[in-house]
Amino acid sequence: MVNVLERRLVLRMLAYWSDLKGERDFPTPAEIDKKDIGEDWRFCALVALDHDLPRSRLLTVGNDLAPAEAPLPDRLGEIPPGTLLAAAVERLDWMLLRRVPLSLGGQLDRADGPFLYRKILLPLSQDGVEIDHVLVVANGRPLAVDAAS
Amino acid sequence: MRAYEIQIYSNGQWQIQAIFDDQELALLEARRIRASRPSKAVRVVEEEFDPAYHETKSRVVFRSTPVDEHNAEAMERTIDLRRELAARQTQKAAASERSVPPPPVPARSGPSLVTLLILFIGIVGGGLAVLAWLASLRG
């Protein structure tokens with residue numbers, strides 16, 4: 001089970017997204033403000049979508065999402081597999097199909113042991129119709145921490 | 001795989017607001033939406049894909065509408081009213097128990113007080129008459 005902290009992050013960001021959109025279907029990417037998001041910005045990444053998803057561009061990546069031992073990738077297709085960022089951007093196709101926020105949890109098998117994560121994909125649109133950006137939010141913790149707590 | 005869709009009833013149809021793979025999270029979010037938008041009906045639908053039959057089974061795991069809340073409040077009021085009525089009936093029964101007349105005392109066996117008085121007067125009167133007769137014999 002994913003810890004309550006990851007759950008809170010997902011619900012906080014979903015509430016932020018809901019407040020931004022109001023009665024519209026989606027907020028615009030320009031409305032995303034890292035000052036409003038505050039501490040949680042380090043778990044966020046903003047992606048400009050391309051019709052060919054692996055070619056989608058990473059506009060910003062929070063410190064806690066950036067791969068530790070690799071240069072910051074420019075496109076989704078360049079993200080090192082097995083990282084939290086790679087897991088965070090998976091299932092974008094499902095989110096685009098349903099056109100609503102999608103929250104999923106999972107487990108990464110890292111060299112230092114299993115790592116549990118939870119993420120949420122929040123759709124954004126400049127024209128209110130086509131989803132052209134996505135705010136990706138994810139965090140997690142080693143399974144050992146969960147077992148010990 | 002199971003997914004939980006949060007849906008809001010709007011413009012005559014249920015519209016998906018978000019999808020979770022965690023029921024607890026979906027319920028938390030549904031309750032938050034319900035609290036922030038009290039006029040809207042909210043439900044959580046569990047969707048489970050059965051790969052054996054290539055079909056998706058759906059069931060509602062949470063629903064909250066303004067009507068549901070109204071009904072719950074009305075039910076609460078009815079229960080309170082019934083409790084109050086039952087308490088009043090109990091009090092009334094206890095009060096009526098206290099006002100019931102005492103059971104009649106069973107009649108004693110033997111002569112009554114009047115009979116004894118008449119007998120006493122008769123004996124005294126008879127005695128006096130005898131004394132008067134004896135006094136007349138001496139004189």
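This dialogue goes through the contact between chain A and chain B and the salt bridges of a predicted model.

Visitor: What are the ground rules for the numbering and the values?

Guide: Residues are numbered from 1 along each chain as its sequence is written, and chains are lettered from A in the order in which they are written. In this predicted model local features need pLDDT of at least 70, side-chain atom pairs count only at pLDDT 80 or more, totals for chains, interfaces and linings use all residues, and side-chain values use heavy atoms, with hydrogens and water left out.

Visitor: How many residues does each chain bring to the contact?

Guide: Contact means heavy atoms within 4.5 Å. Here chain A brings 18 residues and chain B brings 16 residues.

Visitor: What is the area buried between chain A and chain B?

Guide: Buried area is the accessible area (1.4 Å probe) that two parts lose on being put together, summed over both. Between chain A and chain B this comes to about 1,500 Å², with 55% given by carbon and sulfur atoms. Of the area that chain A buries against chain B, 33% is supplied by A:R7, A:L11 and A:R98, more than by any other three residues.

Visitor: How many polar links cross between chain A and chain B?

Guide: A polar contact is a pair of N or O atoms within 3.5 Å; within protein, one must be able to donate a hydrogen and the other to accept it, and residues adjacent in sequence count only if both atoms are side-chain atoms. Between chain A and chain B, 6 residue pairs are in polar contact, both residues at pLDDT 80 or more.

Visitor: Which elements of chain A supply the side that touches chain B?

Guide: Helices (H or I, at least four residues) and strands (E, at least two) are DSSP runs, numbered from the N terminus. At least two residues each come from α1 (4-21), α4 (92-98) and β3 (102-110) of chain A. The most come from α1(A), with 7 residues. By type, this side of chain A has 10 nonpolar, 3 polar and 5 charged residues; Ala, Val, Leu, Ile, Met, Phe, Trp, Tyr, Cys and Pro count as nonpolar, Asp, Glu, Lys and Arg as charged, and the others, Gly among them, as polar.

Visitor: Which strand of chain B is joined to β3(A)?

Guide: Two strands pair if DSSP finds at least two bridges between them. In this model 2 bridges join β3(A) to β2 (residues 13-20) of chain B, and the strands run parallel. A:L102 has B:I19 in β2(B) as its bridge partner.

Visitor: How many salt bridges are there between chain A and chain B?

Guide: A salt bridge is a side-chain nitrogen of Lys or Arg within 4 Å of a carboxyl oxygen of Asp or Glu. There are 4 between chain A and chain B, and 15 over all chains. One of them joins A:R98 to B:E5 at 2.4 Å, N to O. Another joins B:D21 to A:R118 at 2.7 Å, crossing from the loop between β2 and α1 of chain B to strand β4 (residues 113-124) of chain A.

Visitor: Are A:R118 and A:E23 buried or exposed?

Guide: Buried means under 20% relative accessible area, exposed over 50%, partly exposed in between (1.4 Å probe, protein chains only). A:R118 counts as buried because its relative accessibility is 4%, while B:D21 is partly exposed at 23%. A:E23 counts as exposed at 70%. A:E23 forms a salt bridge with B:R37, the closest N and O atoms being 3.8 Å apart, and B:R37 is partly exposed at 25%.

Visitor: Which residue forms a salt bridge with A:R24?

Guide: A:E31 does, with the closest N and O atoms 3.0 Å apart. A:R24 is partly exposed at 35%, and A:E31 is partly exposed at 28%. A network of salt bridges also links A:E39, A:R42 and A:D64.
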